[in-house]
Amino acid sequence: MELILIILILLIVIIAVLNIKIVPQAYVYVVERLGAYHKSWHTGPHFLIPIIDRVSKKVNLKELVADFPPQPVITKDNVTMQIDTVIYLQITDPKLYVYGVENPIRAIENLTATTLRNIIGELELDQTLTSRDIINSKMRVILDEATDPWGIKINRVELKNIMPPKEIQDSMEKQMKAERERREKILQAEGEKRSAILVAEGEKEAAILRAQADKEAAILKAEADKEAQIRRAEGEAEAILNIHRATAEGLKMLNEAAPDKNVIAIKSLEAFEKAADGQATKIIIPSEIQSLGSLAASLKEIADN
């Protein structure tokens, strides 16, 4: 009996230990009691009643990434292409997630494919290639609203790849090449235009600088000539003034010496002699000089005697 009792106690302890459940961080355990939903266990230790309770689902509350394979879609202008999407989702209500829909990820994949076909069917090829943000926003709103009864929140939707048919890709590559060549020619023409403008502006500025230099040189030359003329005029005026002063001093000295007429006559003859030594072909003799000549003859006779 004692052995049986010990065995029973050991079995009870083992069963109790096995039914202690510790829920890790970012997880929720959905517990059923007698086949019906009982409660959701969050992080921490919990005790499961044997046979009566069971853990129906371990739900991950982290943000999940669902990468769906490419889906064929048709644009408004009847171009068929392949588009694959990436969905970022998070479980907000574990009970709805477990009991809301069978295989929620599969349901989201099918819902994503149909929503994508509806949106792309309203756009042409060029709009599809250039409107990723618009398509992502529309899909996120539609999917988030549709998955709300399943306890799922759609955080973000991204179009990973848009793959048009091969012939469309070739045509787009040719178009892009032609566009790049056109832009290259435009840039080259603009560069040549800019270069010509800069050359013309440089020549204009050089011509203006040369004209300004010639103008300043002419002004400086005129000022130099003017200064030289002023200096010459001042020198001539000073020379004339000196002559006048010398003449005045000579007259003064002559007056102070009180010369007689004979001395004056002799000085006049000396001055006339100097005048006669020049290159002049005609000499006009004043009457005073003529009287002086007769006077000189008389003086010669007196000297002979």
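Is E227 buried, exposed or partly exposed? I shall answer that question in the course of this presentation, after an overview of the chain.

Good morning. The structure before you is a predicted model. The protein averages a pLDDT of 81, and 80% of the residues score at least 70. Among its elements, strand β2, residues 27-33, has the highest mean pLDDT, at 93. Helix α8, residues 287-304, has the lowest, at 52. Where pLDDT is low, the predicted coordinates should not be read in detail.

Let me turn to the overall architecture. The secondary structure comes to eight helices and nine strands. The protein has 305 residues, of which 20% count as buried. If we take the contacts with a separation of 6 or more, 62% of them are between residues 24 or more positions apart.

I begin the detailed part with T85, which lies in strand β8, residues 80-91. Is T85 buried or exposed? Its relative accessibility is 4%, and buried means under 20%, so T85 counts as buried. Which residues does T85 touch, leaving aside those up to four places away in sequence? They are A66, D67, F68, T112, L116, M139, E158, L159 and K160.

Two residues from that list, D67 and K160, also meet each other. Their side chains form a salt bridge, with 2.7 Å from N to O. D67 lies in strand β6, residues 64-67, and K160 lies in strand β9, residues 152-163, so the pair ties together parts that are 93 residues apart in sequence. Both partners are partly exposed: D67 has a relative accessibility of 46%, and K160 has a relative accessible area of 38%.

T85 also leads us to the largest cavity, since T85 is one of the residues that line it. The others in the lining are F68, P69, Q71, E109, T112, A113 and L116. The volume of this cavity is about 30 Å³, and the count of cavities of 30 Å³ or more comes to one. Which element gives the most to the lining? The answer is α3, with four residues. Sorted by class, the lining has four nonpolar, three polar and one charged residues.

Helix α3 covers residues 104-120, and N110 is found in it. N110 is partly exposed, with a relative accessible area of 41%. From C-alpha to C-alpha, N110 and F68 are 9.6 Å apart in space, while 42 residues separate them in sequence.

Next, the largest pocket. About 150 Å³ of space lies in it. Its lining consists of D126, L129, T130, M172, Q175, M176, E179, R180 and R183. Two elements each give two or more residues to that lining, namely α4, residues 125-130, and α6, residues 166-257. The largest share comes from α6, with six residues. By class, the lining of the pocket has three nonpolar, two polar and four charged residues.

I now return to salt bridges. Side chains of opposite charge can pair when their charged atoms come close. How many salt bridges are there in this model? The count comes to nine. I have already described the pair of D67 and K160, and I shall now describe two further pairs in helix α6.

In one of them, the side chains of K221 and D225 meet at 3.3 Å, N to O. Both residues lie in helix α6, four residues apart, which is about one turn of the helix. K221 has a relative accessibility of 54%, and the exposed class begins over 50%, so K221 counts as exposed. D225, by contrast, is partly exposed, with a relative accessible area of 35%.

In the other pair, the side chains of R231 and E227 meet at 2.9 Å, N to O. Because R231 and E227 are four residues apart in helix α6, about one helical turn separates them. This brings me to my opening question. E227 is partly exposed, with a relative accessible area of 36%. Salt bridges that share partners also join E179, R182 and R183 into one network. Of these, E179 and R183 are among the residues that line the largest pocket.

To close, I would ask you to keep two residues in mind as you look at the structure: T85, which is buried at 4% relative accessibility, and E227, which is partly exposed at 36%. Thank you for your attention.

Methods:
Residues numbered from 1 in each chain as written. Heavy atoms only, no water. Buried < 20%, exposed > 50% of the residue type's maximum accessible area, 1.4 Å probe, protein only. 1 Å grid on protein atoms, 1.4 Å probe; cavity = no way out; pocket = protein on both sides within 12 Å on 5 of 7 lines; lining within 4 Å. Points joined across faces, edges and corners; volume = space filled by probe spheres on them. Nonpolar A, V, L, I, M, F, W, Y, C, P; charged D, E, K, R; others polar. Salt bridge = Lys/Arg side-chain N within 4 Å of Asp/Glu carboxyl O. pLDDT = per-residue confidence, 0-100. Contact = heavy atoms within 4.5 Å.
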